Amino acid sequence: MRLKRYLDVLGYYSYFFKPEISLLRKASNFARYSLSSKSAQCHNMPISAQIEPTLRCNLRCTMCVRDHFKQGDMSFADFKKVINQLNDVVKIHLQGLGEPFLNREIFSMIGYAASRNIMVSVITNGTVFSDEVIGRIAKSDIFEIGVSIDAVDKRNYELIRVGANFERVMGGIKALNAALRKYGSKTKIFLAVTIMKSNVGSISEFVRLAKSLDILKIVFQRVQTKDDFVKYYKSDFRKSKEFVTSGDVEVVVKKAMPLAESLGVKILFEESKVRCKWPWRGIYVTWNGDITPCCMIVDPDSVQLGNILKEPIGRIWNSQRYRQLRNSVRRRAPMPCCAGCRAI
């Protein structure tokens, strides 16, 4: 029963108990991860991966840092090369610093991953929900799709998500929900909210907004404060004092819980409770194949783990550099690339 509850929390229970024999290898790898001592030498392969389809975006969000890096798209051919090496992966997140649906081959990527018994999650800014895109999402094998919404009103939303139109995004979400119902899709929508001082007092309003959109899950995360991330922020954002502590968020989340429970909306905010597991659990793959330990290390050159398109993941996963990284996390003595991370 304990294993079932654990898998239920991760959303993996129904996945692992599919009848396909091909899932046995993934289940075995997941078990090795779950039972491991989290030593420097990792005896499981990654069970999850975040893969960046593109570094291009159609918005200029105030907290975005992508302009500091070379922009491009991952090709479907390269995506297949990546996935073919990740035979043991259970779930992938098709997202990065860009807008995933700007990659014209995104639906081929989703279909290929699903054909390999991999659950696919995508986070979008929601501005690209044309009738065509909505129809293709509704007919695809996406496990869940998150829409980034950082304010509950037009003025503040458009100040943060520069270039977006609040009414158009709200209309797109409603149209997507209608299409999912029409086609009997099992894809779930959630809201992804970046918490800053300007919106930390709006947690209850986000809950009401989600309910009005027929969305029953919200994932909150604080605006990133890691040292090597903050240095890439625009100077006006660094000076804006938008940073909040986990304690700040926990207080307002706790106050909003009764409302969320009464409306049937699930709130997720676990930053202060979670120790870093990325070096044993998953990898981040940039659009051009570079590997970083997690989604909050945006500069591959700062850690230099390798490139999955140029060398096998097995060699990268237990390289000296990766073992050094794991040891630093275990000892809570972070390497420069992890300095300032709240999970260490």
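Relative accessible area is taken with a 1.4 Å probe on protein chains only, and a residue is called buried under 20%, exposed over 50% and partly exposed in between. The structure is a predicted model, in which local features need pLDDT of at least 70 and side-chain atom pairs count only at pLDDT 80 or more, whereas totals for chains, interfaces and linings use all residues. Residues are numbered from 1 along each chain as its sequence is written, and side-chain values use heavy atoms, with hydrogens and water left out.

**Figure 1. A salt bridge within helix α4, between K81 and D78.** Side chains of opposite charge can pair when their charged atoms come close. A salt bridge is defined here as a side-chain nitrogen of Lys or Arg within 4 Å of a carboxyl oxygen of Asp or Glu. For K81 and D78 the N to O distance is 3.9 Å. Both residues belong to helix α4 (residues 76–85) and are three residues apart, about one turn of the helix. Helices (H or I, at least four residues) and strands (E, at least two) are DSSP runs numbered from the N terminus. D78 is partly exposed, at a relative accessible area of 22%. Over the whole structure, the search finds ten salt bridges.

**Figure 2. The salt bridge between D150 and R161.** The closest N and O atoms of this pair are 2.7 Å apart. D150 is in the loop between β4 (144–148) and α7 (154–160), and R161 is in the loop between α7 and α8 (166–182), so the salt bridge ties together parts that are eleven residues apart in sequence. D150 is buried, with 1% relative accessibility. R161 is buried as well, with a relative accessible area of 9%.

**Figure 3. The salt bridge between E167 and K154.** The side chains of E167 and K154 meet at an N to O distance of 2.9 Å. E167 belongs to helix α8 and K154 to helix α7, so this pair ties together parts that are 13 residues apart in sequence. E167 is partly exposed, at 45% relative accessible area, and K154 is also partly exposed, at 34%. Elsewhere, K91, E144 and K217 are joined into one network by salt bridges that share partners.

**Figure 4. The surroundings of I106 in helix α5.** Helix α5 spans residues 106–115 and includes I106. I106 is buried, with a relative accessibility of 1%. Leaving aside residues up to four places away in sequence, I106 touches P53, L94, P100 and F101, a contact being heavy atoms within 4.5 Å. F76 lies 30 residues from I106 along the chain, and the C-alpha atoms of the two are separated by 7.9 Å.

**Figure 5. The lining of the largest cavity.** Rolling a probe the size of a water molecule over the atoms shows where empty space is left. On a 1 Å grid over the protein atoms alone, a cavity is a set of points where a 1.4 Å probe fits but cannot get out, and lining residues have an atom within 4 Å of a point. Grid points are joined across faces, edges and corners, and a volume is the space filled by probe spheres set on the points. The structure holds one cavity of 30 Å³ or more, and the largest cavity contains about 40 Å³ of space. Its lining is formed by S36, S37, K38, S39, Q41, C42, H43, N44 and W280. By class, these lining residues are two nonpolar, six polar and one charged. Ala, Val, Leu, Ile, Met, Phe, Trp, Tyr, Cys and Pro count as nonpolar, Asp, Glu, Lys and Arg as charged, and the others, Gly among them, as polar.

**Figure 6. The cysteines C294 and C338.** A disulfide is a pair of cysteine sulfur atoms within 2.5 Å, and by this rule the count is zero. The closest cysteine sulfur to that of C294 belongs to C295 and is 5.2 Å away, too far for a bond. C338 is likewise in no disulfide, the nearest cysteine sulfur, that of C337, being 3.7 Å away. C294 is buried at 13% relative accessible area, and C338 is buried at 8%.

**Figure 7. Positive phi at N117 and K241.** Most residues other than glycine have a negative phi, and most peptide bonds are trans. N117, although not a glycine, has a positive phi of about 60°. N117 lies in the loop between α5 and β3 (119–124) and is buried, at 13% relative accessible area. K241 has a positive phi near 55°. K241 is placed in the loop between α11 (235–238) and α12 (246–263) and is exposed, with a relative accessible area of 65%.

Notes:
On a 1 Å grid over the protein atoms alone, a cavity is a set of points where a 1.4 Å probe fits but cannot get out, and a pocket is an open set with protein on both sides within 12 Å along at least five of seven lines; lining residues have an atom within 4 Å of a point.
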